[in-house]
Amino acid sequence: MLPGLMQTTPLQISGILTYAARAHAGREVVSRSVDEPLWRYDYAGLGERCAQAAHALRALGIAEGDRVSSLAWNNHRHLELFYAVTGAGAVLHTANPRLFDEQIAYTINHAESLVLFFDRNLLELVERIAGRLTTVRAFVMLSDEARLIPGAVGAVSYEALLAGRPMAYDWPVFDENAAAFLCYTSGTTGDPKGVLYSHRAVVLHAMSAGLSSAFGFTAFDVVMPCSSLYHATAWGLPFTALICGSKLVLPGDRMDGASLHELIEGEDVTFTGGVPTIWTMYLAWLEQTGRRPGVLKRVVIGGSAVPKAMAQAFRDRFGVEVLQIWGMTETCPLGVVSTPTPALAALGEDAMLDAIWSRQGRLQFGIELRTVDDEGHELPRDGESAGALVVRGPWTIRRYYRAEADVADAEGWFDTGDIATLDQFGFMRITDRKKDVIKSGGEWISSIDLENFAAGCPGVKIAAVIGVPHPKWEERPVLVVELHEGVEAATETVLDYLRPLVARWWLPDEVIIATVPLTATGKIDKKTLRARYGDRLS
Ligand code: ADP
């Protein structure tokens, strides 16, 4: 091979920050912190404070490769840690405050973090787990000096730590394959597993997310991530927004309809994103109040399947386009995005929307997808053959942190645990998670499809389907629905609604009206549902 003669500048996260601070210096960042007035600055200001934070990290004795943890919401101080920690060559472990105490402590110990940064309203949690933390030697509250509560852990304030430090930092240049973020899966089965993102993976992922095949941000966009900064870096939005020069709005921990609306309307948000449950609440709030979502143009939804009724409601009532994404912690997290193509447009508007709304999204450059049968043979891309979804590419996991062996095979393929189809349009559709598939009389019923239909029933807020052991059919679907506040519906109404929509043998054997439990990442908690209702049909 003849070596190319171009520069081999490493892809580093600090490069995104210095670019934005120069090229989009005046573009705003607006942030809602715990119990503080809205914070406003711009990318130049972000660059300066990240420099101060990097100096503070050095003063705390943090060296390249060291891990520090955050327990924090979507706010500017957490954003600063995203850039300062990784820019200085250390690794940010974004702990998920919604996990159980033992799991949070487990991840921080597994990461061997030396410092824990946390938001003020998480002090109690930190005090509860502090005794179990084996490596943390300093606690920093993401707060100003006046509002600091040192608590039993003797926390210092983040602002005091930054105060007076130089506003420039000579960001070190190092190998782009160095670790930057440590994100743990939510541990629905067993201990959480650590996914160690490299600088190269984060930068390539962020650049790719900015393409028009994905989010296609411009410098005129105002981007508000409602996906959590602690969950797979909020889908990389805090990087893509800076690369594209979009204004960034950080909503803190307040995801209720009124709080989101205040920012959507007040800050002219054009693009936002999060898990479906947030948008169920926001749509209900808009309905109740008769308000409109300002100049909002697009909402990206992922983490769980997007109910068609949700995409329709956004579009028909408010002219807002819904993009669905599929991804996972192990893929940084973006895998596919549901943006239209000429081949779909040629089907006509209704057919195109139908096609888009029934699929998770289309292939993106940089992440290869395949479906395989039980023997590992590739399945045809015909939109019908469903099999295990495997993926590979520069932002796909190779090995979990501190694991002995690779999780991807010798050719790089990583088994996602999802069952999917791929089609001739280059779109992927998830039919189920392997462990949620319902096997009825030797045939498969897709819990996702059933949930999607049931979510369209008037009055239904969340629909969850589980496979319940059945003496004759092996398993049968049971549907649990949570209704909107003040709505009363008979289980028969839900069944009548489903009858014309699904094959007869897909009809749930039972409909239960109850609150649907959610996991730490906002997904339907099927494990709890199975424990609760698993014996309904025996
Ligand atoms: P966890 O820690 O719960 O695994 P992830 O966010 O990494 O958290 O979960 C990834 C999984 O979420 C995927 O493997 C898939 O099952 C599910 N998922 C993500 N996006 C979608 C979507 N748009 N439709 C259906 N399932 C999705």
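**View 1. The loop that holds Pro 333 in this predicted model.** Pro 333 sits in the loop between strand E14 and strand E15. Strand E15 covers residues 334–337. Cys 332 comes just ahead of Pro 333, and a cis peptide bond joins the two. Its omega is about 5 degrees. Most peptide bonds are trans.

**View 2. Strand E14 and the shell around the ligand.** Strand E14 spans residues 321–327. Which element gives the most to the shell around the ligand? Strand E14 does, with four residues. In total, 17 residues surround the ligand. Those that come nearest are Ser 186, Gln 324, Ile 325, Thr 329 and Asp 418. How does the shell divide by class? Ten of its residues are polar, four are nonpolar and three are charged.

**View 3. Polar atoms facing the ligand.** Two side chains and one backbone atom appear here. Arg 433 places a polar side-chain atom 2.9 Å from an oxygen atom of the ligand. His 231 also has a polar side-chain atom by a ligand oxygen, at 3.1 Å. Gly 303 takes part through its backbone: one of its polar atoms there is 3.1 Å from a nitrogen atom of the ligand. How much of the ligand does the protein cover? On its own, the ligand has 570 Å² of accessible area, and the protein covers 94% of that.

**View 4. Helix H10 packed with helix H11.** Helix H10 runs over residues 276–289, and helix H11 over residues 308–318. The two pack at an angle of about 35 degrees. Their axes lie 11 Å apart. Is the crossing left-handed or right-handed? The crossing of H10 and H11 is left-handed. From H10, the contact uses Pro 276, Trp 279, Thr 280, Tyr 282, Leu 283, Leu 286 and Glu 287. From H11, it uses Met 310, Ala 313, Phe 314, Arg 317 and Phe 318. By class, nine residues of this contact are nonpolar, one is polar and two are charged.

**View 5. Glu 112 in a loop.** Where does Glu 112 lie? Look between helix H4 (101–111) and strand E5 (115–119): Glu 112 is in the loop that links them. The phi of Glu 112 is near 55 degrees, a positive value. Glu 112 is a residue other than glycine. Most residues other than glycine have a negative phi.

Methods
Residues numbered from 1 in each chain as written. Predicted model: local features only at pLDDT ≥ 70, side-chain atom pairs only at ≥ 80, totals over all residues. Heavy atoms only, no water. Near = heavy atom within 4 Å. Polar contact = N/O pair within 3.5 Å; in protein donor to acceptor, adjacent residues only side chain to side chain. Areas by Shrake-Rupley, 256 points an atom, 1.4 Å probe, with all protein chains shown as cover. Nonpolar A, V, L, I, M, F, W, Y, C, P; charged D, E, K, R; others polar. Axes fitted to C-alpha atoms, helices over the stretch in contact; angles between N-to-C directions. Left-handed = near helix turned anticlockwise from the far one by under 90°. Contact = heavy atoms within 4.5 Å.
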